[in-house]
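Good morning, colleagues. I would ask you to keep the sequence and the model on the screen while I speak.

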Amino acid sequence: MTATVIDGKAFAAKVRGQVADHVARLKEAHGITPGLAVVLVGEDPASQVYVRSKGKMTVEVGMKSVEHRLDADASEADLLAVVKALNEDPEIHGILVQLPLPGHLNEDLVINSIDPAKDVDGFHISNVGLLGTGQKSMVPCTPLGCLMMLRDHHGSLSGLNAVVIGRSNIVGKPMAQLLLGDSCTVTIAHSRTKDIEAKVREADVVVAAVGRPEMVTGDWIKPGATVIDVGINRIDAPEKGEGKTRLVGDCDYDSCAAVAGAITPVPGGVGPMTIACLLANTVTACCRANGLAEPEGLTA
Ligand code: NDP
């Protein structure tokens, strides 16, 4: 079997198009422009790249983009004051504090200071609790993107066996909650799981969010299963020349694609969906804040 490639880049472009359409309708019918604020503390190069591309895409879909940059040695009080001002700003519907924060800042405290209704990353403890109890919440962007691709590919996920590898708060746990919400039978595997291969072999849906390059190989995969590879790992690529690197996922693409029914590539799979879902969450937050109908298909 050769797997169908789930094209995350194309899917993300479609989601951004839906967001842009909804933004245009909000402006036209209600005079409202959704606003997303991103707060960056310090000079971490990877974070700077993320923040730049988030800002660019926010503007491209017609939303207002605001950036707040604080020095790496900013105090917790300074950062909390920025978040408070954004919480109170009626033109801002989504707030994202770029993680990781410098070590002297308490991430939990800062995230939980964001108004949960504006918490477009879905990391606030209220949103975590709402998701865990199956209530309407802001859903973390990466798992939301995975869910959208799975729903699109399968239609209904009800009754499927799903294995999520990884139990982080930002990917593994919310992913498992979302799959449970769609009536999958869910197993969460992690570094202490015994005989992980055997568990994965039972799965109709595998979501790998581990951070270990090409850990999942084709002999772990049930023929015809759907493989969602969240991992982004940079490895040496001597075949491209000295000192060169390339990106790989947590799944060994070639061997998994030979057995799976469908698979997301790395790059070009889950990655592009994450920013698209951030924009989707912002427009959803804006609609909720104004008591308007939410865009269809852009929430869990
Ligand atoms: P974390 O490091 O927070 O979590 C990794 C999880 O993998 C942990 O639960 C850990 O288990 C588990 N794990 C580690 N080693 C093994 C093993 N040998 N067998 C089974 N489980 C193992 O990572 P994140 O969840 O933040 O990210 C996971 C991957 O996804 C990374 O590659 C990251 O770059 C990528 N990512 C991609 C995004 C995107 O937009 N595409 C967004 C976010 C992340 P334990 O809890 O027991 O330690």
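**A walk through the predicted model**

Let me begin at aspartate 204, which sits in the loop between α8 (196–201) and β7. I should say at once that this is a predicted model. Which residue does the side chain of aspartate 204 meet in a polar contact? The partner is the side chain of lysine 222, at 2.8 Å. Leaving aside residues up to four places away in sequence, aspartate 204 touches Leu160, Asn161, Lys222, Ala225 and Thr226.

The loop of aspartate 204 leads into β7, and that brings me to the sheet. β7 covers residues 205–208 and pairs with β8, residues 226–229, in the parallel sense over four bridges. One bridge joins alanine 208 to aspartate 229 in β8. These two strands belong to an open sheet of six strands, in the order β1-β11-β8-β7-β5-β6, and the pairing is parallel. β1 (4–5) and β6 (185–189) stand at the edges with a single partner strand each, so each has one side without a neighbour in the sheet.

Please turn now to the helices on this sheet. Helix α6, residues 141–154, lies across β7, β8 and β11 (262–263), and runs at about 160° to β8. Helix α7, residues 172–181, also packs on the sheet, where it touches β5 (161–165), β6 and β7. The direction of α7 makes about 170° with that of β5. In the loop between α7 and β6 we find serine 183. Serine 183 has a positive phi of about 65°, although it is not a glycine.

There is also an open sheet of three strands, in the order β3-β2-β4, again with parallel pairing. Its edge strands are β3 and β4 (94–97), each of which pairs on one side only. Neighbouring strands of this sheet are turned by 15° against each other on average, with direction ignored. How many bridges link β2 and β3? Between β2 (residues 35–41) and β3 (residues 64–70) there are seven, in the parallel sense. Among the pairs, glycine 35 has lysine 64 of β3 as its bridge partner, and valine 41 has leucine 70 of β3. Together with helix α2, residues 45–60, strands β2 and β3 make a right-handed β-α-β unit.

Two peptide bonds deserve a remark. Leucine 99 and proline 100 are joined by a cis peptide bond, with omega of about 0°; proline 100 lies in the loop between β4 and α4 (107–111). A cis peptide bond also joins valine 266 and proline 267, with omega of about -5°. Proline 267 is located in the loop between β11 and α10.

Finally, the ligand. Which residues come nearest to the ligand? Of the 22 residues around it, they are Arg167, Ser168, Ser191, Ile232 and Thr274. A polar side-chain atom of arginine 167 lies 2.7 Å from an oxygen atom of the ligand. For serine 191, the distance from a side-chain N or O atom to a ligand oxygen is 2.5 Å, and for a polar side-chain atom of threonine 274 the corresponding value is 2.8 Å. On its own the ligand has 930 Å² of accessible area, and the protein covers 70% of that. Helix α10, residues 270–289, contributes the largest share of the shell around the ligand, three residues.

Note on methods: Residues are numbered from 1 along each chain as its sequence is written. This is a predicted model: local features need pLDDT of at least 70, side-chain atom pairs count only at pLDDT 80 or more; totals for chains, interfaces and linings use all residues. Side-chain values use heavy atoms; hydrogens and water are left out. Two strands pair if DSSP finds at least two bridges between them. Contact means heavy atoms within 4.5 Å. Axes are lines fitted to C-alpha atoms, for helices over the stretch in contact, and angles run from 0 to 180 degrees between N-to-C directions. A crossover is right-handed if, with the strands pointing away from the viewer, the path from the first strand over the helix to the second runs clockwise. A residue is near a molecule or strand if one of its heavy atoms lies within 4 Å of it. A polar contact is a pair of N or O atoms within 3.5 Å; within protein, one must be able to donate a hydrogen and the other to accept it, and residues adjacent in sequence count only if both atoms are side-chain atoms. Accessible areas come from the Shrake-Rupley method with a 1.4 Å probe; for residues, only the protein chains shown count as cover.
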